[in-house]
Amino acid sequence: MTQDTSRGCAGPPVDEEEARIRVGRPTKHAAGIKAVQVSLTRAVKQMGLVKSAKNLLALNQEQGFDCMSCAWPDPQDHRHTAEFCENGAKAVSWEGQRETVGPDFFAVHPISELYQRTDHWLERQGRLVHPMVRRDGADHYEPISWDAAFALIARHLAALDSPDEAEFYTSGRASNEAAFVYQLFARAFGTNNLPDCSNMCHESTSVALAQTTGVGKGSVTLQDLHDADLIIVSGQNPGTNHPRMLSALEKAKRNGARILAINPLKEPGLLRFDNPQTPRGLTKGTSLADEYLQIRSNGDLALWRAFAHLLLRADDENPGQVIDREFIDAHTVGFEAWEKHVRDLDWDQVLTATGLTRAEIGSAAHMLATSRRIVHCWAMGITQHRNGVATIKEMVNVALLQGMIGKEGAGLCPVRGHSNVQGDRTMGIWERSPDWFLDALRDEFGFEPPREHGHDAANAVRALRDGRARVFIGLGGNFASAMSDTAVTESALRSAALTVQVSTKLNRSHLAAGRDALILPALGRTEIDRTAGVEQRVTVEDSMSVVHASRGRAEPAGPLLRSEVDILCGIAHATLGDRYGIPWQEFARDYSRVRDRVARVIPGFENFNDKIRRHAGFTLPHPPRDSRSFPTPEGKAVFSVSPLEIVTVPEGRLVLQTLRSHDQFNTTIYGLDDRYRGIRSGRRVLFINEFDLHDQGLADGDHVDIISEWPQRDGTIDERCAKRFRLVAYDTPPGCVAAYYPETNPLIPLDSQALGSGTPTSKWVIVRLVPAAASGSTSSTWGR
């Protein structure tokens, strides 16, 4: 394995396994008996039969633990014995594998060697089981005690010239209790530098919804999806990223709903769902999408503008049958200015941006016009564009136009990925927390939290790069691989005086390490937490604002593992002592004491401990959903006017979107297959339209280096490179290509961000393709 630097190529290494890539036909359905076979085979191989049964039967159950692989809500009425999907089973098996990584492993594997390994190889070595330290100048991690690790962190933090020289990053896997004590520690220390994984994915959603509805969360319940007569799924691949959503779509279809899918690639999970828990699913399955718009990348704003235009015209022809004027008059502001803007539509712009025909757009708009209960779903195919905020606002405009908020069977449904990413934000993991939250912290804990906004993920990288930050603490996740502009991000982390990673598995962030670096091994979601000799439980919040308890059932992978709450409280106590009288040690001994404080700080969590004892889950208040009240500065929902700018691509260039394979969760690579797209034994593939292959003078099976181009203010082009990708002819719109991340994250410039939210533009990267030097071999299994 080698790290290529030609043409500036950077990022994860090229594995010898990639020379064995095989390409077959994509599937046209998701799940089925194959999903059951893969789930059980993977589980037994990694965990053994007994542990597999114990973990899988506890997954997403009321007295079990919450799945870490997505934030889809659990049914409140009836749960299957197997209340999980294939990717949930993979996540549990990945966390529960029997192999461990401890001092002996690090003694024989220097950091310089490990850096040459792929993310897949690193994580499959096993569970981290011992605190480890890399001293300044060393090439090996060595064991360290917990107390010594906490003391080292405290010394580094005390040596900073300002609290704002520390970055406190959070992954979406952290529990509510861990997130609350973490943000409390950061603010008691004196900073709002709380970057998190939301900054990389749904930040555009949080910003757009806060500005239009007053609440940065979705407005639907699971029952609303079941009761909808139209569900629109935009920029989302539920078959891979949120597989349990397919059960909700299937139930909605049985109840008479229609489904409109909008996505550049035809994803099998939106074509047909073979539910392995039903006889129908084991025979012919359920067709899902009634219409499927294969839109060009970044054409969504133009499409939703066209939908709005056509809905207004439809209401002109049938007054009162399409538009909810009563709702608009009572609950919104800005309609007149927006309506004037939308009626003046340039169809040439729309057709150019979307790559669709006027007939296709008109047919889809008719579905909206003839539906009375519409749920709007979206994910990162919408948020990770430069105009992601504007696009979501346009989607909200259409929902407001038809009165689809605060109505049964209707609403806004951003589908989040990480299991508690929404809960982390509710708990205060936000670099821009509102004053009411900071006031509540002040009143509860007796100190004045900092008010100046802190760093998001991109600004944390910039601060480390520029020497304005010197300590990076990561609560879970794999920041080095998850963040855009991999070479810049890794260099920034290496420049830190100290990096700390609270982790369960070895990953690239441990190798792009600061001069001093710590690996602090944490209990997994699946494991029994016996902190202070008591079986503790934590809570999480799903995508639909339901909070519920989670308690692991498996024995910990090693005796030295500590819970995230315990680790964070240990760091906080070592750093702050009894400053402000915050009882860190009490919090670590009894998580219910943390929940008592949450109940007094955050609305909706009153009687928190009692609620999770008596109920499977409780739903947080959501004024737009509950009472059609909108806590915006205007006191009403806001129609927004956004310019429609068509981004042109230079001649000979293509637009790259990054995406997951079916065998991964975010940066965690479970395996090298993506059977839904016909890929076996490799990940370095580039999906490309047949027309573009011909236009580029290339052929299916060729290998290319992907070069991204980022225009500079002085007129020059800043280039980045990812090495050696196998071209795969695929059904994607002309001019649009796709490849897996994190392998393609090196191509995304740090400064290429969504306006208003700062989200990396992972779905819009301008690239050119250059033939790679001949080496290796691949094969096609169906004669391309």
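This is a tour of selected places in the structure, with what to select at each stop.

The model is predicted: local features need pLDDT of at least 70, side-chain atom pairs count only at pLDDT 80 or more, and totals for chains, interfaces and linings use all residues. Residues are numbered from 1 along each chain as its sequence is written, and side-chain values use heavy atoms, with hydrogens and water left out.

**Stop 1: the largest core**

Select L518, L520 and W584. These have the most contacts inside the largest nonpolar core, which has 65 residues. A nonpolar core here is a set of buried Ala, Val, Leu, Ile, Met, Phe, Trp, Tyr and Cys residues joined through side-chain atoms within 4.5 Å. Buried means under 20% relative accessible area, exposed means over 50%, and partly exposed lies in between (1.4 Å probe, protein chains only).

Now select residues 176-189, which are helix 8; this helix gives the core its largest share, ten residues. Helices (H or I, at least four residues) and strands (E, at least two) are DSSP runs, numbered from the N terminus. A second, separate core has 58 residues, including L310, M395, A410 and L644.

**Stop 2: strand 18**

Select residues 516-521. This is strand 18, and six of its six residues are buried. In a regular strand the side chains alternate between the two faces of the sheet. Are the two faces of strand 18 covered or uncovered? Both are covered: D516, L518 and L520 are buried on one side, and A517, I519 and P521 on the other.

Add strand 5 (residues 132-134), which runs antiparallel to strand 18 and is joined to it by three bridges. Two strands pair if DSSP finds at least two bridges between them. V133 stands opposite L518.

Then add strand 17 (residues 498-503), which pairs with strand 18 in the parallel sense over six bridges. Here L498 has D516 as its bridge partner.

Return to L518 and show what surrounds this residue. Leaving aside neighbours within four places in sequence, its contacts (heavy atoms within 4.5 Å) include M132, V133, I144, L498 and V500.

**Stop 3: a sheet with a helix on it**

Select strands 19, 20 and 21, which form an open antiparallel sheet in the order 19-20-21. Strand 19 (538-541) and strand 21 (618-619) stand at the edges with a single partner strand each, so one side of each is left without a neighbour in the sheet. Four bridges link strand 19 with strand 20 (residues 546-550) in the antiparallel sense. T539 stands opposite A549 in strand 20.

Show helix 8 again. Helix 8 packs on this sheet, touching strand 19 and strand 20, and its direction makes about 90 degrees with that of strand 19. Axes are lines fitted to C-alpha atoms, for helices over the stretch in contact, and angles run from 0 to 180 degrees between N-to-C directions.

**Stop 4: helices 1 and 3**

Select residues 33-47 (helix 1) and 86-96 (helix 3). They pack at an angle of about 5 degrees, with their axes 9 Å apart. That makes helix 1 roughly parallel to helix 3 (angles under 35 degrees count as roughly parallel, over 145 as roughly antiparallel, 65 to 115 as roughly perpendicular and the rest as oblique).

Residues in the contact include A35, V38 and R42 of helix 1 and A89, V92 and W94 of helix 3. How many of the contact residues are nonpolar, polar and charged? Seven are nonpolar, four polar and three charged. Ala, Val, Leu, Ile, Met, Phe, Trp, Tyr, Cys and Pro count as nonpolar, Asp, Glu, Lys and Arg as charged, and the others, Gly among them, as polar.

Eleven of the eleven residues of helix 3 are buried, so this helix is largely enclosed by the rest of the structure.

**Stop 5: strand 31 and V649**

Select residues 765-771. Strand 31 is largely enclosed by the rest of the structure, because five of its seven residues are buried. Strand 23 runs antiparallel to strand 31, with three bridges between them; V655 has I766 as its bridge partner. Strand 28 (residues 703-711) is also antiparallel to strand 31, joined by five bridges. There, S708 is partnered by V767.

Last, select V649, in the loop between strand 22 (637-638) and strand 23 (654-659). Is V649 buried or partly exposed? V649 is partly exposed, with a relative accessible area of 28%. Leaving aside neighbours within four places in sequence, V649 is in contact with L654, V655, W764 and I766.
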